[in-house]
Amino acid sequence: MQEKSISRAELVASFEALQGEFDRKKSDITDKEASFDKLREDFAKQLKRRSEKLIEFIGPENPLQPLAYTLAEHLGSTFDNWERQIEARAKGTKFRADFGDSLLVFIYGKVKSGKSSLGNYMAWGHSEPTPELKATCPHPAYFSAEQTEVDGGDQEKEAEKTLQFRVNATEATSSIQGFKLPGLTWIDSPGLHSVNALNGDLAKEYAEHADLILYTMNSQAPGRASDMEEIKDLLDSNKKLMVLLTGSDTTDEDENSEGDIITTVVMKDLSDRRDQVVYVRGELEQLSNSSNILAEVLPISTRFAECNPAPEGMAESGMGRLMHELQTICTSQALSIKLNKPMENLRHSIRITADDLTGIREVIVGFANNISKQNDELQRELSSLGIQGSSLMRSYINQLFDEGKNSDLEAALRQKAGEIISQSALEAFSKIGESQQQGLKQAFDSSRLSGLPQYQEITEEKEYFIGTKKSNKGLFGLGGSIIGGVVGFFVGGPPGAAIGASLGSGVSLAGRSASAEYGRHQVVVGDNREDQRQAAIENYSNILPRLLTEHVNSLYDPLRAAMLDYSNALDSDIAELTGTFEKLSQVHQ
């Protein structure tokens with residue numbers, strides 16, 4: 001066994017070497033965590049603004065608004081949880097800030113399980129260091145984190161002031177406290193099953209940030225069910241741990257040559273220690289993830305190691321074996337644990353966030369599907385209302401023309417069409433809530449309706465009898481004979497007179513006989529009212545379904561587009577964020 005046992009001085013030297021390794025291989029996890037938190041913060045802020053705007057845009061009685069509220073509430077709950085995660089990690093990161101260059105070992109276990117004595121030994125080589133030892137230089141750098149008010153607990157910053165952990169007290173540790181050596185940060189915690197619940201909670205919280213946990217059990221009652229429950233929780237959280245059975249010693253009294261009683265610290269019987277190891281190991285093997293336990297169950301005694309500092313004594317005390325296991329971690333797994341654990345934690349947070357985003361995305365898909373469903377219902381409603389409106393308009397047109405209305409016919413038709421379309425639009429919008437109707441209510445622009453042909457009378461030209469004109473042939477004959485005779489006498493004497501008279505009587509043939517006289521005018525034989533009726537039916541009744549659909553969609557489409565834009569933008573943001581997270585988790589450390 002001695003070949004697997006080393007002294008405390010050898011372990012301290014190994015940690016000093018480890019310090020140099022940490023200095024050369026520090027992780028950039030802080031930057032990655034900051035990027036992760038910033039991405040989530042920006043995403044949350046953007047989505048909150050979009051959700052608030054969407055809810056304002058959607059009327060309170062729109063069937064889609066409950067979905068919008070569900071989405072907003074889901075987002076709000078998710079983002080609140082993200083904030084809590086950020087705060088918790090920030091607290092842990094702040095606590096780790098001073099310990100990023102060392103192996104962080106957290107001592108976990110019940111009250112009075114030997115945690116403080118073990119810590120003092122690791123710091124000084126003694127479970128209760130003397131003032132003379134504390135005066136040596138250099139000495140461990142002690143620190144304290146948070147404290148809970150516990151009767152009998154340590155005082156504020158007590159470890160820093162006394163340069164040791166308090167031992168032999170009912171409630172020895174009431175605060176997270178520890179010390180630093182080069183390459184090692186050792187933290188002593190309040191007990192898991194402290195009489196004060198806050199102590200147990202505080203221990204669990206800080207254990208989440210440990211690189212290695214040493215779980216202590218008092219050898220007087222090892223492997224209790226309560227211990228196994230705590231260890232199981234740690235293993236389920238993928239925590240690496242070693243199990244130590246503390247106080248594995250007893251006292252032996254003997255009488256010296258002078259008859260004085262001599263008390264000697266000795267290890268418990270080897271067979272008893274082995275039986276305890278077998279029992280606890282069997283209990284551990286029943287737990288899941290038992291492979292995360294880095295070493296065998298180790299019975300240890302700090303008292304025996306102090307009294308027997310030689311290699312043989314260190315080996316028998318179990319402390320030499322513990323030192324060897326820690327040295328092994330220093331030289332083989334320490335850097336891997338230190339560098340991988342924060343990244344594993346970040347990847348875990350990314351996986352949780354990805355699950356959150358998947359849930360959000362499912363709500364978004366449901367929201368988008370219902371937008372499409374609402375639009376389909378609206379279009380079906382418009383088809384039905386369009387047919388009804390066209391029928392109403394046709395009846396109104398026939399009524400007007402049957403009544404012989406001529407004045408302001410086009411104005412009356414425009415007004416009626418506008419009323420039917422506006423009322424039908426409101427009925428259509430009732431599918432998305434009465435309040436939404438008011439937001440989408442808008443008078444129909446009747447100027448889009450075509451005009452009617454002007455009213456015209458149909459006329460024909462008719463001929464009618466005016467009267468009879470008298471004859472003037474006798475007058476022309478007498479006059480012609482006289483004139484012809486006179487002209488002929490002067491020209492040719494008696495023979496000429498005879499010829500002239502003959503010509504003159506011929507003139508009488510050019511005279512007018514008596515005749516009937518006629519006139520013409522336009523007569524109204526009909527009008528174009530039937531053409532007007534057909535034009536009205538075509539331009540006001542038949543076209544009404546299309547105009548109704550266009551009117552309603554012109555009002556509804558901006559709302560639908562805004563909701564779809566929101567859904568699409570949100571889906572795009574989630575896809576982009578998920579891709580960025582995936583790249584972030586794959587960044588080589």
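Me: What makes arginine 273 count as buried yet without a salt bridge?

Reply: This is a predicted model, and here is how the reasoning goes in it. A salt bridge needs a side-chain nitrogen of Lys or Arg within 4 Å of a carboxyl oxygen of Asp or Glu. For arginine 273, which is buried, the nearest side chain of opposite charge is glutamate 316, and that is 4.5 Å away. The cut-off is 4 Å, so at 4.5 Å arginine 273 has no salt bridge.

Me: Where does arginine 273 sit, and what does its side chain reach?

Reply: Arginine 273 belongs to helix α9, residues 270-285. Its side chain gets to the backbone oxygen of lysine 268, at 2.8 Å. Beyond its neighbours within four places in sequence, arginine 273 also has contacts with Ser248, Met267, Lys268, Pro299 and Glu316.

Me: How do you know that lysine 45 and glutamate 41 form a salt bridge?

Reply: Their closest N and O atoms are 3.1 Å apart. The limit is 4 Å, so the pair qualifies. They are four residues apart in helix α2 (residues 29-57), which means about one helical turn separates them.

Me: Why are lysine 45 and glutamate 41 called partly exposed?

Reply: Buried means under 20% and exposed means over 50%, with partly exposed in between. Lysine 45 has a relative accessible area of 44%, so it is partly exposed. Glutamate 41 is at 32%, so it too lands in that middle range.

Me: What about glutamate 530 and arginine 533: what makes them a salt bridge?

Reply: Their side chains meet at 3.4 Å, N to O, and that is within 4 Å, so the name fits. Three residues apart in helix α16 (residues 529-542), they have about one helical turn between them. Asp402 joins Glu530 and Arg533 in a network of salt bridges.

Me: Which of glutamate 530 and arginine 533 is buried, and how do you know?

Reply: Arginine 533 has a relative accessible area of 15%, under the 20% limit, so it is buried. Glutamate 530, at 43%, counts as partly exposed because that value lies between 20% and 50%.

Me: How do you know that glutamate 550 pairs with arginine 546?

Reply: The closest N and O atoms are 2.8 Å apart, within 4 Å, so this is a salt bridge. Glutamate 550 and arginine 546 are four residues apart in helix α17, about one helical turn. Both are partly exposed: glutamate 550 at 31% and arginine 546 at 45%.

Me: How many salt bridges are there in the whole structure?

Reply: A search of the whole structure turns up 13.

Me: Why does the length of helix α17 make sense?

Reply: Helix α17 runs over residues 544-586, which is 43 residues, so at 1.5 Å a residue it should span 63 Å. Its end C-alpha atoms are 61 Å apart, and that agrees. There is also a bend of about 35° at tyrosine 556, with proline 558 following within four residues.

Me: What is serine 35 close to in space, and where does it lie?

Reply: Serine 35 lies in helix α2. At 35% relative accessibility, it counts as partly exposed. Serine 35 and leucine 584 are 549 residues apart in sequence, while their C-alpha atoms are 8.6 Å apart in space.

Me: And what does the protein as a whole come to?

Reply: There are 17 helices and eleven strands. Of the 589 residues, 45% are buried.

Conventions:
Residues are numbered from 1 along each chain as its sequence is written. This is a predicted model: local features need pLDDT of at least 70, side-chain atom pairs count only at pLDDT 80 or more; totals for chains, interfaces and linings use all residues. Side-chain values use heavy atoms; hydrogens and water are left out. Helices (H or I, at least four residues) and strands (E, at least two) are DSSP runs, numbered from the N terminus. Buried means under 20% relative accessible area, exposed over 50%, partly exposed in between (1.4 Å probe, protein chains only). Lys and Arg count as positive and Asp and Glu as negative; His and the chain ends are not counted. A polar contact is a pair of N or O atoms within 3.5 Å; within protein, one must be able to donate a hydrogen and the other to accept it, and residues adjacent in sequence count only if both atoms are side-chain atoms. Contact means heavy atoms within 4.5 Å. The expected span of a helix is 1.5 Å times one less than its number of residues. The bend at a residue is the angle between axes fitted to the seven residues ending there and the seven starting there.
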